[in-house]
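Student: I have a protein model to look at and I am new to this. Could you help me read it?

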Amino acid sequence: MSSSASGLPFDRPGRFWRGNLHTHSDRSDGALSPLETARVYREAGYDFVAITDHFRPEYGFPVTDTRDLRSDTFTTLIGAELHAPVTEAGQQWHIVAVGLPLDFQPPSDGETGPELARRARAAGAFVGMAHPSASLLTAADAESLDAAHAVEVYNALADRENRGDSWHLTDVLLNRGHRLTTYAADDAHLQHQDPPPCRAWIHVRAESLDPADLLTALIAGRYYSSTGPELYDVRLEDDQVVIRCSPATKILLSGGRPGAEVVEGTDLTEATLPLALFRSTHCRVTIEDAAGGRAWTNPIHL
Ligand SMILES: [Zn+2]
Ligand SMILES: [Zn+2]
């Protein structure tokens, strides 16, 4: 299989653009205005941010309009965090929708989370299953959210509760045949008690910073996630995966079967790992740096 057929973005045209897909402003329960929120990300070197305020009645069902925050070097995607009844744990769904129309209508009476997600997807949005671990989503919950493009596999706010990481459920879903991609996000509210922002992000491969280009790339899965290190290139060559990255202490391949291929050391910047363990399932590359930051490719289907 060539790298293009695997869906890996590294040899695609364009470049990587860094952004956060899950952010709250004072249009819901975030601390800062959309302008101030976007400034935090722009000044940290991000190329884009999606403000995804809670789409709830007490906030007037906001789809926060951030178009006036766009410039030649920084852009925004229009989105919201959607809520509707009800998960197996008896909680409201949390669904990230990025690329929503500004006139996206509030949930109708009795509309469930999965139905709301389908409506968002039909309206053109990239749909993410937000913080599954923190929401205690079951496999049945997750399978019912059939409009999801992606799982939020790492949420920096939920990490405060040691529930930041949702890889286990994701691997279960992938093994059941669901073709989901995987993103890391801040879920920043910028409240004083919160973790600092700019802790988890994605790099989207696109030819321009045009919001439409970014959205197309997101939906196609042409991105990878990070909480620190960078992946420069990941490609499949015969029965191996070849990785080049910023200095790492661990480079590993894990996925649809127990076990992993692991290389550990100091200042590792390349590795070649065999794919055989994951043949006919899926795998992903994870790297970890000396500060504990990690980066992950999307699932690679073999
Ligand atoms: Zn949430
Ligand atoms: Zn949120």
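Tutor: Happily! Helices (H or I, at least four residues) and strands (E, at least two) are DSSP runs, numbered from the N terminus. This is a predicted model, where local features need pLDDT of at least 70, side-chain atom pairs count only at pLDDT 80 or more, and totals for chains, interfaces and linings use all residues. Residues are numbered from 1 along each chain as its sequence is written, while chains are lettered from A and ligands numbered from 1 in the order in which they are written.

Student: How many helices and strands does the chain have?

Tutor: There are six helices and 16 strands in the chain. Its radius of gyration, taken over C-alpha atoms, is 18 Å, close to the 19 Å from the globule rule for 302 residues, so the chain is as compact as a globular protein of that length. That rule is 2.2 Å times the number of residues to the power 0.38.

Student: What share of the residues is buried?

Tutor: A residue is buried if 20 or more other C-beta atoms lie within 10 Å of its own, exposed if 12 or fewer, and partly exposed in between, with C-beta atoms placed from the backbone. Here, buried residues are 49% of the 302 in the chain.

Student: Which domains does the assignment give?

Tutor: Domain bounds come from an automatic or database domain assignment. In this chain they are domain 1 (3–226) and domain 2 (231–301). Two residues are in contact if their C-beta atoms, placed from the backbone, lie within 7 Å. By that test, 17 residues of domain 1 touch 17 residues of domain 2. On the domain 1 side, E10 gives the most, with four residues.

Student: Now a single helix, please. Why do the buried residues of H2 line one face?

Tutor: An α-helix has 3.6 residues a turn, so residues three or four places apart point the same way. In helix H2 (residues 34–43), the buried residues are Pro34, Thr37, Ala38 and Tyr41. Seen down the axis of H2, these fall within an arc of 95 degrees, so they line one face of the helix. The arc is that of the directions from the helix axis to the C-beta atoms.

Student: What do the buried residues of H2 pack against?

Tutor: They pack against three strands: E1 (15–20), E2 (48–51) and E4 (75–82). On the face of H2 turned away from the buried side you will find the exposed residues Leu35 and Glu43. After H2 comes Gly45, with a positive phi near 95 degrees.
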